[in-house]
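I opened this entry to record what I looked up in the chain shown below, beginning with its charged surface and ending with its overall dimensions.

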Amino acid sequence: MFTIEHEFDATIVTLVDEGDNPLQEDVVISAFDECVTIQQVDPRTDQVRTLTLSMAQVRDLAAALDLPEGAYQLQQEP
């Protein structure tokens, strides 16, 4: 299950793990104009862990999901 919320400066997607055990904590993805953050509570420390991706990293990740194993460099269209 997931939810999508549009706020003033970001789109927020929350991924909820509904499967069989062991379940993972919810993942919150916030997309801003300049970056994307991914947050999840670490159950061992009860602290929120945050990753920040540049828009170029997000683009590369999206492309990588559909490519076979290897090293790639995306070229920008002129």
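**Charged patch.** I looked first for like charges at the surface, and found Glu5, Glu7, Asp9, Asp33 and Glu34 gathered in a patch of negative charge. For a patch I took residues with over 30% relative accessible area and no salt bridge, joining like charges within 9 Å and nonpolar side chains (Val, Leu, Ile, Met, Phe, Trp, Tyr) within 5 Å. In the charge count Lys and Arg are positive and Asp and Glu negative, while His and the chain ends are not counted; each charge is placed at NZ of Lys, CZ of Arg, CG of Asp or CD of Glu. The areas come from the Shrake-Rupley method with a 1.4 Å probe, and for residues only the protein chains shown count as cover.

I then noted that Glu5 is found in strand 1, residues 2-6, where helices (H or I, at least four residues) and strands (E, at least two) are DSSP runs numbered from the N terminus. Glu5 counts as partly exposed, at 39% relative accessibility; here buried means under 20% relative accessible area, exposed over 50%, and partly exposed in between (1.4 Å probe, protein chains only).

**Basis of the values.** I am working from a predicted model, in which local features need pLDDT of at least 70 and side-chain atom pairs count only at pLDDT 80 or more, whereas totals for chains, interfaces and linings use all residues. Residues are numbered from 1 along each chain as its sequence is written, and side-chain values use heavy atoms, with hydrogens and water left out.

**Nonpolar patch.** I also looked up the nonpolar surface, where Phe2, Ile4 and Leu15 form a patch with about 300 Å² of accessible area together. Leu15 lies in strand 2, residues 11-15, and counts as partly exposed at 35% relative accessibility.

**Salt bridges.** How many salt bridges does the count come to? With a salt bridge defined as a side-chain nitrogen of Lys or Arg within 4 Å of a carboxyl oxygen of Asp or Glu, I recorded three. Asp42 meets Arg44 in one of them, at 3.2 Å from N to O, and Asp42 also meets Arg49, at 3.7 Å from N to O. I checked the exposure of these partners: Asp42 is buried, with a relative accessible area of 9%, while Arg44 counts as exposed at 73% and Arg49 as partly exposed at 43%.

Another salt bridge joins the side chains of Asp60 and Arg59, at 3.2 Å from N to O. Here Asp60 is partly exposed, with a relative accessible area of 36%, and Arg59 is also partly exposed, with 34%. Through salt bridges that share partners, Asp42, Arg44 and Arg49 are joined into one network.

**A backbone angle.** I went through the phi values and noted Asp46, whose phi is near 60°, a positive value in a residue other than glycine. Asp46 is found in the loop between strand 4 (35-42) and strand 5 (47-54), and counts as exposed at 64% relative accessibility.

**Distances along the chain.** For one pair I took Ile29, which is found in strand 3 (residues 27-31) and is partly exposed with a relative accessible area of 24%; the C-alpha atoms of Ile29 and Val41, 12 residues apart along the chain, are separated by 13 Å. For another I took Gln75, found in the segment after helix 1 (55-64) and exposed with a relative accessible area of 64%; the C-alpha atoms of Gln75 and Pro22 are 40 Å from each other, at 53 residues apart along the chain.

**Whole chain.** I closed with the overall arrangement: the chain has one helix and five strands, and from the N terminus on the elements run β-β-β-β-β-α. The radius of gyration is 15 Å, well over the 12 Å that the globule rule gives for 78 residues, so the chain is more spread out than a compact globule; the radius is taken over C-alpha atoms, and the rule is 2.2 Å times the number of residues to the power 0.38. Along the principal axes, the C-alpha atoms fill a box of roughly 45 × 35 × 25 Å, and buried residues make up 13% of the 78 residues.
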